[in-house]
Amino acid sequence: MNRTHFFKFSPILISILLLQGSCSQDQDITQWSLPEGAKARIGKGTWSGNITYSPDGNQLAVASSIGIWLYHLSTGSEIALLTGHTDEVEFVEFSPDGSALASGGGYEDATIRIWDTNTREHLRTLKGHRSRVTSVSFSPDGNTLASGGSDGTVRLWDAHAGDDKFTRSWHSNWIPMEFRNLNFNTREDKFTRVWRSASVNSIQFSPDGTTVASASVDETIRIWDVHSGEHLQAFEGHTGGVNYIMFSRNGSWLVSGSSDETIRIWDVRTGEHLQTLEGHTGGVNSVAFSPDGTTLASASYDNTIRLWDARTGKHLQSLEGHTGGVNSATFSPDGTTLASASYDNTIRLWDARTGKHLQSLEGHTGGVNSATFSPDGTTLASASYDNTIRLWDTRSGERLQTIAAYTASVNSVAFSPDGTTLASVSYDNTIRLWDARTVEHLQTLSGHTSMVTFVTFSPDGTKLASASYDERIRLWDARTGECVHTLQGHKRSVDCLAFSPDGLTLASGCGSVTGLFGKLLDKDEDNTIRLWNVRSGRSLRTLEGHTNGVNSVAFSPDGRTLASGAGYEDSTIRLWDVHTGKQLHIFERYTGKVNSLTFALDGGMLAIGSGDNAIRLLDVRTGGHLRTLEGHTSSVTCTTFSPDGNMLASGSLDKTVRIWHARTWAHLNTLKGHTKSVKSVNFSPDGRTLASGSHDGTILLWDLTSGGDVTGGW
């Protein structure tokens, strides 16, 4: 997916884009635009689209996964959070007079919203695109809005009335994509051809407002008459999708950046291809003229920005330093500074004349993979795709500490039972231990030779168990960091672990993450659960029966029963006698994989979150099916009982959290507010608060006290 971002900077922005920084300390922004029933929002969402100045230079609009953040440039403080889109915001654009703001939504929203920038009021919603809105642009007089979408259409709207003036779909011809498949039995190569819509990646009005240009993944640029909607001409020559276009100041040239790693300059009047600029070794995501029109900047997936003489096409210099693809580059209004934004989650400011790197700025955080309360409930730890761990005060929502030592996504975090130590795992094959109060790095546990998938403390906190793609489990002394035992026997990656309540037994499930690769490498199937003696590291027994990778294991509260759930080709839940290894019950095959297993506090019931959108309740003693809880519209990713056992919470890919009464199983409420899938749900130790972590980059805290909005007073 190609995504274009615009950034217009002044020096004051250095303090502004430290979005989790000090500018927020005097404001309770955790209370802004909260969904009904939520008492605080932790985090500002993921940085999902572009950043743009208001015409008067007083405000900054930032597109994020949860809405549009507005900042006051003179103070660096947040002004407002505009919410309403049901997916991440892809694009924001001020009207020329600054009185309105237009925003485009993601795949599951596909709308354009118009906002009054003075009152922050939502004025109207423009509907018509069938998929992600990739670009919006106001005409110079502000009366017309142009939009491009991944559905391949260009649309012109009356910016005041919201009427659709016309829709043109020359770009909507479907383009082929080929995927290579390997037949595991015959080893025969096959190619599968699928088709996708030719997304419109960029749209721009000409300086005089009479024409609009659109750039598409179909490798063309098209020019349209704004008044009649007539297609005037097509510029062809790129051999890859066109990611971004920009008119020169006088409108005589059009410059385009493409996935074919080139920049092309075109004569707008004749359509003649004037020049091709070559040198990038990755797709070009953005191009920008300097204010005086003499210099052209290009940003590329090759991690660099290149500066070119706009008249001769001569390469002037390359700006290097980003560690990920650069998705945008733009000049400051006075032309002295160049700003670039990268997939390495940083913004860099450069001296546009010398190319010297001036400063790096932090952007938004990434999606939340895991969120867990400290044992006393006062702190919440979150692990994120942005390579950080963050600690939050659960009463105020204030960020207490940030651990930014990782260079890859942090997969999971766990507090020790006494709350003094925090363990984290990442793609870097290590487990790291931190002082939970000071976030001092205590030690790094090394030994795994592949990504660590899971980490958990023993109930008494003396041991730590880790599972990895390297097919091994390691037991560590939580105090010294010494590897006490390496448990070997699984033939595929280990995806889940659980200590028995007394801490003497460890259960491990062999996953299917490497299953396809395993078949290619002629690796043996596994699909087993293994029970291990924690003291000796000896394998006690192997539980066999599942026909696909085991995704989840859970001990009953008395430690006598183990539940296991498996993936798509199996989709069963099995109950085992821990002491004998005998299979007690097997529950019906479901239509989706088993994502979560949670025992009720008395151990008599098991709640299963499934890929078929349902939660099933099973009688542990008889193996009977008690009931099915329906309502989620997508896969149920996580389930958890409240500490008193009176509530069950479930999170889903449908972006919602549902609360259920654990005696009557009445649906109490649906908690809406996340704009991406819910990854984690967790009750506070006192049961009064529920935390939900989402891939939208935020954690929402929900008030579950009697009489609150969530519970409706029950």
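**Exercise 1. Find the residue opposite Phe-555 in S49, then place the strands in their sheet.**

Step 1. Phe-555 stands opposite Leu-562 in S49. Helices (H or I, at least four residues) and strands (E, at least two) are DSSP runs, numbered from the N terminus. This is a predicted model: local features need pLDDT of at least 70, side-chain atom pairs count only at pLDDT 80 or more, and totals for chains, interfaces and linings use all residues. Residues are numbered from 1 along each chain as its sequence is written, and side-chain values use heavy atoms, with hydrogens and water left out.

Step 2. S48 pairs with strand S49 (residues 561-566) in the antiparallel sense, over five bridges. Two strands pair if DSSP finds at least two bridges between them.

Step 3. Now widen the view. Four strands make an open, antiparallel sheet in the order S48-S49-S50-S51. Its edge strands are S48 (550-555) and S51 (583-587), each pairing on one side only. From one strand to the next, the twist averages 15°. Axes here are lines fitted to C-alpha atoms, for helices over the stretch in contact, and angles run from 0 to 180 degrees between N-to-C directions.

**Exercise 2. Describe the surroundings of Ser-500.**

Step 1. Locate the residue. Ser-500 lies in the loop between strand S44 (494-499) and strand S45 (505-510).

Step 2. Check accessibility. Ser-500 has 4% relative accessibility, so it counts as buried. Buried means under 20% relative accessible area, exposed over 50%, partly exposed in between (1.4 Å probe, protein chains only).

Step 3. List the contacts (heavy atoms within 4.5 Å). Neighbours within four places in sequence aside, Ser-500 touches Pro-459, Thr-505 and Phe-555.

Step 4. Look at the side chain. That of Ser-500 makes a polar contact with the side chain of Asp-502, at 2.6 Å. A polar contact is a pair of N or O atoms within 3.5 Å; within protein, one must be able to donate a hydrogen and the other to accept it, and residues adjacent in sequence count only if both atoms are side-chain atoms.

Step 5. Compare sequence with space. Ser-500 and Val-578 are 78 residues apart in sequence and 9.5 Å apart in space, C-alpha to C-alpha.

**Exercise 3. Explain why strand S41 is largely enclosed, and identify its partners.**

Step 1. Five of the six residues of S41 (463-468) are buried, so the rest of the structure largely encloses this strand.

Step 2. On S40 (residues 452-457), the pairing with S41 is antiparallel, over five bridges. Thr-456 has Ala-465 in S41 as its bridge partner. The S40-S41 hairpin has five residues between the strands, and Gly-461 there takes a positive phi near 80°.

Step 3. S41 also pairs with S42 (residues 473-477), again antiparallel over five bridges. Leu-464 stands opposite Trp-476 in S42. Four residues separate S41 and S42 in their hairpin, where Glu-471 in the turn has a positive phi of about 75°.

**Exercise 4. Decide why Cys-510 has no bond to Cys-496.**

Step 1. The closest cysteine sulfur to that of Cys-510 belongs to Cys-496, 9.0 Å away, too far for a bond. A disulfide needs a pair of cysteine sulfur atoms within 2.5 Å.

Step 2. The whole structure holds zero disulfides. Cys-510 is buried, with a relative accessible area of 0%.

**Exercise 5. Which phi value does Asn-527 have, and where does this residue sit?**

Step 1. Asn-527 is not a glycine, yet its phi is positive, about 60°. Most residues other than glycine have a negative phi.

Step 2. Asn-527 is in the loop between helix H2 (515-520) and strand S46 (529-533). Its relative accessible area is 8%, so Asn-527 is buried.
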